[in-house]
Amino acid sequence: MNGQVIRAIAIDDEPMALRVIESHAHKMKQLDLVMTTTNAVEGLIVAQNQHIDFIFLDIQMPDLTGIQFLKQLAGQSKVVLTTAYTQYALEGYDYDVIDYLLKPISFDRFLRSVQKMQRLFITNETAGASNIALENPTKTDFGVIFIKTEHKLVKVDHQDLLYLQGGKDYTTVVTRSEKLLTLTTLAKFEESLPEAYFMRVHKSYLVALTKIQFIERQRIFIDHAVIPIGDSYKEHVFKKIGG
């Protein structure tokens, strides 16, 4: 995506709101607004059947609300919610939206959303490239880890791990489906997990490189978590991901 044009559509039942988005988009060469529509169902069909990177989506629409749209979209494209009411925007974060724009949308705020989308794509590509440069890993390199929790050992595939958070004498292991608490230290996990896929970014955090969505202001976004990059780890982190 780096250096390429982002394909986007805008969906809003207010024509004036669409004209504002169109006006902002025309000022940005890196953004190709391929369609605007007041019909949410029409927009959903386009998103499901064409390559669309980015959707500007109104929350309050009569036939299909923004939240209902997100459920149907199922993560196929990245979404920025547009709304006049902040309380509605917060629900969208349960569906992995990357930002929300509060109406009336200023160009400065619009620009920041597009830049966030660019960073997301660039970070994902860079992380993939850095893994190949480091050890040329393939999917078959992924293994499993057994986590001792309470009175049992739980098998977790490396590729299911999102991040690990260390406490004083314990570690919380976070996957997409569960959180496991174990007395194994974060340092022990760092020793055992493959360096090509996992990186220490803070004294309390170890993250899966392939699960990073984007990095902003020394913070890593993975799934619904925001993970700080420690000052003493910053140079190593950005050197490893190529930024």
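**Exercise 1. The two faces of β3**

Which residues of β3 lie on one side and which on the other, and are they buried or exposed?

*Solution.* The model is predicted.
Step 1: Sort the residues by side. Phe54, Phe56 and Asp58 are on one side. Ile55 and Leu57 are on the other.
Step 2: Check the cover. Buried means under 20% relative accessible area. The residues on both sides of β3 are all buried, so both faces are covered.
Step 3: Count. For β3, 5 of its 5 residues are buried.

**Exercise 2. The neighbours of β3**

Find the strands that pair with β3, and give the direction of each pairing.

*Solution.* Step 1: Take β1. Its pairing with β3 is parallel and has 4 bridges. Alanine 10 has phenylalanine 56 of β3 as its bridge partner.
Step 2: Take β4, residues 78-83. β3 and β4 also run parallel, joined by 5 bridges. Here aspartate 58 has threonine 82 of β4 as its bridge partner.
Step 3: Add the helix. α3 spans residues 66-73. With β3 and β4, helix α3 makes a β-α-β unit, and this unit is right-handed.

**Exercise 3. The largest nonpolar core**

Work out which elements build the largest nonpolar core, and describe the contacts of valine 114.

*Solution.* Start with a general point: nonpolar side chains tend to be buried together in soluble globular proteins.
Step 1: Size the core. The largest nonpolar core has 21 residues. Those touching the most other members are Ile21, Leu31, Phe54, Phe56, Phe110 and Val114.
Step 2: List the elements. Two or more residues come from each of β1 (6-11), α1 (15-25), β2 (31-37), β3 (54-58) and α5 (107-135). The largest share, 4 residues, is from α5.
Step 3: Zoom in on valine 114. Leave out residues up to four places away in sequence. Valine 114 then touches Ile6, Met28, Gln30, Leu31, Phe54 and Phe56.
Step 4: Look beyond this core. Another core, of 20 residues, lies apart from it. Its members include Ile9, Ile11, Val46 and Leu73.

**Exercise 4. An open sheet**

Give the strand order of the open sheet with 3 strands, and name its edges.

*Solution.* Step 1: Read the order. It is β13-β14-β15, with antiparallel pairing.
Step 2: Find the edges. β13 (214-216) and β15 (225-228) each pair on one side only, and these are the edge strands.
Step 3: Note the twist. From one strand to the next it averages 30°.
Step 4: Inspect one pair. β14, residues 219-222, is joined to β15 by 4 bridges. Isoleucine 222 has alanine 225 of β15 as its bridge partner.

Notes:
Residues are numbered from 1 along each chain as its sequence is written. This is a predicted model: local features need pLDDT of at least 70, side-chain atom pairs count only at pLDDT 80 or more; totals for chains, interfaces and linings use all residues. Side-chain values use heavy atoms; hydrogens and water are left out. A nonpolar core is a set of buried Ala, Val, Leu, Ile, Met, Phe, Trp, Tyr and Cys residues joined through side-chain atoms within 4.5 Å. Buried means under 20% relative accessible area, exposed over 50%, partly exposed in between (1.4 Å probe, protein chains only). Contact means heavy atoms within 4.5 Å. Two strands pair if DSSP finds at least two bridges between them. A crossover is right-handed if, with the strands pointing away from the viewer, the path from the first strand over the helix to the second runs clockwise. Axes are lines fitted to C-alpha atoms, for helices over the stretch in contact, and angles run from 0 to 180 degrees between N-to-C directions.
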